[in-house]
Amino acid sequence: MFLINCPYCGERDQSEFSCGGEAHIVRPKQPTELSDNQWAEYLFMRKNIKGVQFERWNHAHGCRKWFNMVRDTSNDKIHAVYKMGEKPPVE
Amino acid sequence: MKNKYSIFSLIKNAFSQHENWKQAWGDPEPKREYEAIIIGGGGHGLATAYYLAKKHNMRNIAVLEKGWIGGGNTGRNTTIIRSNYLWDASAGLYDHALKIWENLSQELNYNIMFSQRGVMNLAHNLQDVRDLKRRTHANRLNGIDAVWLNTNQVKEFCPIINTSPDIRYPVLGGTLQRRAGTARHDAVAWGYARGADEMGVDIIQNCEVKGIKRNGDQVEGVETSKGFIKTKKIGVVAAGHSSVIANMAGLKLPLESKPLQALVSEPVKPIIDTVVMSNAVHAYVSQSDKGELVIGAGTDAYISYTQRGSHDVVEGTLKAILELYPIFSRMKMLRQWGGIVDICPDASPIISKTNIKGLYFNCGWGTGGFKATPGSGDFFAHTIANDEPHKLNAAFNLNRFVSGDLVDEHGAAAVAH
C-alpha cells in the first residue's frame, strides 16, 4: 500500500487505483499473421521483474484515466509517473 | 531408518532433558557437481528431492535454499489441504496429493499433524450456489468426496457461523469435503528434509542462486553465493521468485508475483473445528492446535516482492469474517504477514520441461500450493528423472499457453485466486 501521484489528480491512496500490469507491450498489428508462439508471447509471457519495472495503472476510483509508472517491485518505491504516449524516462 | 522417532526414543531422550537429539538433517558444503540440483528448499522442493532419491534412485542431488528451509511460502500459508477442484486434470493432481497426505506422517516417520477436519466452502449468492453444486457433481464423478449442504446443515456443521438472512452476503449453503483439512506446514518441510537427507541428498541453506549457465540449449550448472556448481539437470521450485530464476536463464514465464496475506489471532479455546472458506467475500478461517484463528486474506492487485501486503486487503477480509462470525468481534489479531505467490493466467500450476534441455520448472501455484506439496514433489521428480511428465501432470505443461489448452481453475477452484 502506497501513495500514487496521479498525473491528472495528484497524490491519492493506492487503493483508488488498479494495476494493468507490464507497460509498453504493443498489441500486434496483424494478429492473424502471428504464430501460436508469438501470440502466446504477447498474451501471456511477462517479465515479472523483481526490481525496477514499467507498468500501467488506472485511476479507477478517480479520473479513470490510464497512465504509466516506474516502480521498484522489491520495495514498492515509485520512481516516475508519466502519461500515456509520453516517452518512458531513461533512468 | 537410523534414529527412528517413536515413543521409546521420546522416553529415552526425556532422561537426558531432550538435549541429545541428533540433528535431523546435515549442513553440508556444496560438492562441485551433482546429478541434479533443486533450486528452492520449500515443501515442494524438498518433496521433489525426497521422491527423486526414493523413487528414482537419484541420490547425488542437492537442494539449494537462499534462506532457511521452509522459510518462504511453506511457513507462510494457512495450511489448508483439499482436492475439490473442478477440472479433471486438477482433480487428478490434487487428489493424488491428498492420498499421499493421508499416510505421510507414517511414511516420513515425522508427525506432520495432518488433520482431516473437513473444508467447507460457502455460497453467498445464486451464482455461487450453481457453481458450487456443479463442482460437487464434478468432484464426485472424479471420485472425490463432496457434499452439498443447505443453510441449516451449514449451521449444524459449524454453529458459530451467522446464517441470518439479514446479513449483507447471507449464507445460502455450502459444500463440504470431509477428507480435507490441515497439516503443520513447518513439519512438512522438516519431515521431507530429514527423509531426503537420510537418503544422501545435500540440503544447502544460505546458498542463493545468482545465475544459470547454459551451453546452447543445455544447462551446465548454477552460479551461487557459494560458488559454481556443475549439473545437467536443474529443477526450479522458487515460488514467487520463479520469474527471477527464469530471467537468469533467458526465459519468460506466464507469471505475475503478488503478496498474499494471512494473519493469526491471539490463542483461544477450541471454537471452530473445521476449515471454512468463502469465495464471494474472500475470507477463510480455521483454528490451529495452539488455539489461534488462522485467517487467509487476499492478494494485492499489483506485482510486488515485498512480502508485506496492503492494509486494506486485511481490512476487507476481517470485515467479512466479523459479519460471518460475530463471536470473533472482540478478538485481537496477533501477527500478520505476506508471502509472494506466483500466479498463472489460468490459476493452475506449471510442472513442466522447458525449451532448454535439463531445465525444469515447478511454479505458478499461486495462492494454493501448500495442499499439493506431496503430489507436486512426486510428479516433478518423475518429470525430472524421466525427462517426461507423469500422465497426471502432463496437462500442467508450459506449452498450454501456446496451444490454448488451459486448465482454467480461475473462479472454479472453490476460492478466488
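# Exercises on a predicted two-chain model

Chain A contains one helix and six strands. The model is predicted, and the exercises below concern its chain A, its interface and a helix pair in chain B.

**Exercise 1. Determine in which order the strands and the helix of chain A follow one another along the sequence, and state the span of its C-alpha trace.**

Solution. Begin with the inventory of chain A, which is six strands and one helix. Reading along the sequence then gives the pattern β-β-β-α-β-β-β. Finally, along the principal axes, the C-alpha trace of chain A extends over about 45 × 25 × 25 Å.

**Exercise 2. Describe the interface of chain B and chain A by its residues in contact and its buried area.**

Solution. First, take the contacts: 25 residues of chain B touch 24 residues of chain A. Next, take the area: the two chains bury about 2100 Å² between them, with 55% of it on carbon and sulfur atoms. In chain B, the residues that lose the most area to chain A are K252(B), Y302(B) and I303(B), together 31% of what that side buries.

Then consider the polar pairing across the interface, where 13 residue pairs are in polar contact, both residues being at pLDDT 80 or more. As to secondary structure, at least two residues each of the side of chain B that touches chain A come from α7 (242–248), β14 (256–265), α8 (311–324) and α10 (400–403) of chain B. Of these, α7(B) gives the most, with three residues. By class, that side divides into twelve nonpolar, eight polar and five charged residues.

**Exercise 3. Identify which side chains form the salt bridge between chain B and chain A, and locate both residues.**

Solution. The search over all chains finds 20 salt bridges in the whole structure. The pair that crosses between chains runs from K252(B), in the loop between α7 and β14 of chain B, to E41(A), in helix α1 (residues 36–43) of chain A. The N to O distance of this salt bridge is 3.2 Å, within the cut-off of 4 Å. The count between chain B and chain A is one.

**Exercise 4. Classify the mutual orientation of α2(B) and α3(B), and list the residues that make their contact.**

Solution. The axes of helix α2 (residues 43–56) and helix α3 (residues 88–108) of chain B come within 15 Å and cross at roughly 75 degrees. Angles of 65 to 115 degrees count as roughly perpendicular, and α2(B) and α3(B) are therefore roughly perpendicular to each other. On α2(B), the contact is made by Y50(B), Y51(B) and K54(B); on α3(B), by I100(B), L104(B), E107(B) and L108(B). Sorted by class, the contact has five nonpolar, no polar and two charged residues.

Key: Residues are numbered from 1 along each chain as its sequence is written. Chains are lettered from A and ligands numbered from 1 in the order in which they are written. This is a predicted model: local features need pLDDT of at least 70, side-chain atom pairs count only at pLDDT 80 or more; totals for chains, interfaces and linings use all residues. Side-chain values use heavy atoms; hydrogens and water are left out. Axes are lines fitted to C-alpha atoms, for helices over the stretch in contact, and angles run from 0 to 180 degrees between N-to-C directions. Helices (H or I, at least four residues) and strands (E, at least two) are DSSP runs, numbered from the N terminus. Angles under 35 degrees count as roughly parallel, over 145 as roughly antiparallel, 65 to 115 as roughly perpendicular and the rest as oblique. Contact means heavy atoms within 4.5 Å. Ala, Val, Leu, Ile, Met, Phe, Trp, Tyr, Cys and Pro count as nonpolar, Asp, Glu, Lys and Arg as charged, and the others, Gly among them, as polar. Buried area is the accessible area (1.4 Å probe) that two parts lose on being put together, summed over both. A polar contact is a pair of N or O atoms within 3.5 Å; within protein, one must be able to donate a hydrogen and the other to accept it, and residues adjacent in sequence count only if both atoms are side-chain atoms.
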